[in-house]
Amino acid sequence: MPPPKDVVKIAIQMVGAIPQLIELQQVPPGAPPLPGRDPLGPADALPPSVPQSKPLASVLKDVCDAWSLPNAERYALQHADGRQTYITELNRGEIKNGSILRLTTSPDQEAERLYSGIQSNNSDVKTDSLKKLASLSQDVTFAQEFISRNGLKQIFRIVEEGNDTGEMLAHALKAFMELMEHDFVSWETLSAAFIKKIVSYVNLNAVDASVQQLSLSILENMVPTSRLLFELVKKEVTLDRLLTHLQVTNVQLQLKAMALLIALLLAATDTERRDMMDYLWEKNIRQFIHKNIIHSSEPLGDEMAHYLYVLQSVSLNLCERRMRTSMDPYSQEQRELLQSLRQTAFESESEAPASNFSTERRRSLCAKEFRKLGFMNNSNPGEDLRRAPPGLLALDNMVYFSRHTPNAYSRFVLENSSREDKHECPFARSSIQLTLILCEILHVGEPCSETAQAFYPMFFGQDHFFEELFCICIQLVNKTWKEMRATQEDFDKVLQVVREQITRTLALKPTSLELFKTRVNTLNYSEILKLRQTERLHQEETLAVPVLELRERLKPELLELIRQQRLLHLCEGTLFRKISSRRRQDKLWYCRLSPNHKVLHYGDVEEGVRSPPIESLPEKIPVADMKMLLVGKECPHTKEKSSGKQNKDVLELAFSVVYDVEEYCLNFVAPTRYEFCLWMDGLNVLLGKEMTSERTQTDLDVLLSMELKLRLLDLENISIPDTPPPVPKPPSNLNFCYDFSHAEQ
């Protein structure tokens, strides 16, 4: 008779003793104790509707009795592998069948021992205690016990006194970080002396690198928690000091300094953020990043790529205020900017100054010149800039173009004003629409993603990036307009082609604006047509009935090929990042499928580990225990974040595997949409379901297209009829058949 489903068989180890094999009955997740009852109390305290299970205290006593150990209350069970968490009544339901546990000192005893150890006068004992504390503090049960003994106060004292340095101090700061990670204590309760000491470790030069890294991480976590802490850190840790840390050769120290800089920028107000960015650009941080980080000999890590993306996004979002501001017809400054466009283009060609004309003549002349500039409302050109976005940002771009490249500006305007009316390219109208296109492509005004890493290297190689990019692209509009021989009716079509030219060129990640300019000008209208034609040919399918029938016959074979590819990808595994609602986590974990497709292996890994061996991943989920797949808002880890502002990117990349009888969840946030699709398909294959991702259809279409073309090579230039040729009627007699029976006789 098989054991009940809520009973697991486990092994318990102890140093110097023969392991015990026991059966442990689990409490269903979410089964609460009766009100007023101790959750660690006897099993008969549970209501009849909840399956009774042996309390952990009784299980521990039986284990200790088997090894003749007195005082069972001083012991606890702990996972032997992985994070080595303590087993409690709350998490005992997570124990898997076949797990290996070990008998160890109980969390309260260990917390008491380490609390005494970190106060020892013996430096070796103190160092070992702090090291052990930093390791055990990852466990929530131990952390609770240690904090309840005022353990954090003791760590504060160690740091504030400043007598300990180097390794001992690093362990103390690491333990503090792990304890604060559990959110039992608010960051706002930290003393001024403690914060001042942490700041001093960042500001001093003669400090161990590991201590500086941990200090920077602590400050990074403090900044988002309150306005008071943000102002304190911003005041004490200057931007100059952070720039000094960014220029070191220690990659990890550089990374932590960048993390704190980004945290400060995100927590700042719009005005503070603008001032900070202006100061950073004055200090040439853009050029330093471009030369020493992006083009460094060391490969760029995922964390640094994300921070560069955020820095780029924060900088571009400084344009949002102007983008969302309509032109004010009563603003003298804005009217003067508008008039400067006209004067730069036409003042030199006027035979007499406009001031010599009558008011009516001058108004008529200005209206004519604004029409030549390409404004749709030439009598009141400010009306063209009332639409927001792009608002005043379009005016800023036009003025920048006219002042910094006056020759190109004059050539654009005069060349088009001398063309026939129907073929002139309207500068102002094109500039307004182009500014809107650039804002959409560069995501100006959109919040930063928690996971994105897509930054443009050329952004860090150029001052006034947005304006300089506009100057290149507005000349591209004129060039493409002429190539298409466009008229006013073709305006939207031309701008659509220009959008495609910009998007395709940006996808190549050019390292400088000069390279972007070269490539985007090479990608002319005829090249765009060729690319569209090629893509269309790849997507088009022959609609003849026989070909459609062949297509249907090929589908099962090709779907099986896709299934095998998805499973192979799961076997190779993927690196996932842990994300919480409070902040972006530095922790990574890896998940991969066993070669026999029977077990999912996963576990935490360090930064830089790309493909850990399957033996190094301690956690396992048998495929047979997997029940279902949840996506997006259905996932428990996205519901946990519902209290804050939902991040669209995380929702689109989130999925969870529900497994075991009690329906636990393994939660994922895929690094990219591509990985999301492959894991969704692979997990659906393991569950015996259809592959439903958009990537499946794309891959199937590509494979079908290739296979059909190969099968139909011999029929090239031969038209395939929609219907098969008719079968001829049978002959009136079959006398023409040879009778072999006569030959045999």
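Which backbone oxygen lies 2.8 Å from a polar atom of the side chain of Lys 96? The backbone oxygen of Glu 94 does. This is a predicted model. A search of the whole structure finds 34 salt bridges. Its largest nonpolar core has 150 residues.

**Lys 96 and its surroundings**

- Lys 96 sits in the loop between strand 3 (75–79) and strand 4 (100–105).
- Beyond its neighbours within four places in sequence, Lys 96 contacts Val 8, Ile 10, Tyr 659 and Asp 660.
- Val 8 is 88 residues from Lys 96 along the chain, yet their C-alpha atoms are separated by 6.7 Å.

**Nonpolar cores**

- In the largest core, of 150 residues, those with the most contacts inside it are Phe 176, Met 258, Leu 373, Ile 502 and Phe 516.
- Helix 21 (residues 465–484) gives the most to this core, with twelve residues.
- At least three residues of this core come from each of domain 2 (109–300) and domain 3 (324–348 + 362–536).
- Met 258 touches Leu 246, Ile 289, Ile 293, Met 304, Tyr 307 and Leu 308, leaving out residues up to four places away in sequence.
- Another core lies apart from the largest one and has 41 residues, among them Phe 576, Phe 676, Cys 677 and Leu 687.
- In soluble globular proteins, nonpolar side chains tend to be buried together.

**Helix 21**

- Of the 20 residues of helix 21, 14 are buried, so the helix is largely enclosed by the rest of the structure.
- At 1.5 Å a residue, helix 21 should span 28 Å, and its end C-alpha atoms are 28 Å apart, so the two values agree.
- Arg 485, just after helix 21, takes a positive phi of about 50°.

**Salt bridge between helices 22 and 24**

- Glu 500 and Arg 532 meet through their side chains in a salt bridge, at 2.7 Å from N to O.
- This pair links distant parts of the chain, 32 residues apart: Glu 500 is in helix 22 (residues 491–507) and Arg 532 in helix 24 (residues 525–539).
- Glu 500 counts as buried because its relative accessibility is 16%, under the 20% limit.
- Arg 532, at 23% relative accessibility, counts as partly exposed.

**Salt bridges between helices 25 and 29**

- The side chains of Arg 551 and Asp 701 form a salt bridge, at 3.5 Å from N to O.
- Arg 551 lies in helix 25 (residues 545–572) and Asp 701 in helix 29 (residues 694–711), so this pair links parts of the chain 150 residues apart.
- Arg 551 is buried at 14% relative accessibility, whereas Asp 701 is partly exposed at 29%.
- A salt bridge also joins the side chains of Arg 566 and Asp 699, at 3.0 Å from N to O.
- Here too the link is between distant parts of the chain: Arg 566 is in helix 25 and Asp 699 in helix 29, 133 residues apart.
- Arg 566 is buried, with a relative accessible area of 1%.
- Asp 699 also counts as buried, at 18% relative accessibility.
- Arg 566, Asp 681, Arg 695 and Asp 699 are joined into one network by salt bridges that share partners.

How values were computed: Residues are numbered from 1 along each chain as its sequence is written. This is a predicted model: local features need pLDDT of at least 70, side-chain atom pairs count only at pLDDT 80 or more; totals for chains, interfaces and linings use all residues. Side-chain values use heavy atoms; hydrogens and water are left out. Helices (H or I, at least four residues) and strands (E, at least two) are DSSP runs, numbered from the N terminus. Contact means heavy atoms within 4.5 Å. A polar contact is a pair of N or O atoms within 3.5 Å; within protein, one must be able to donate a hydrogen and the other to accept it, and residues adjacent in sequence count only if both atoms are side-chain atoms. A nonpolar core is a set of buried Ala, Val, Leu, Ile, Met, Phe, Trp, Tyr and Cys residues joined through side-chain atoms within 4.5 Å. Buried means under 20% relative accessible area, exposed over 50%, partly exposed in between (1.4 Å probe, protein chains only). Domain bounds come from an automatic or database domain assignment. A salt bridge is a side-chain nitrogen of Lys or Arg within 4 Å of a carboxyl oxygen of Asp or Glu. The expected span of a helix is 1.5 Å times one less than its number of residues.
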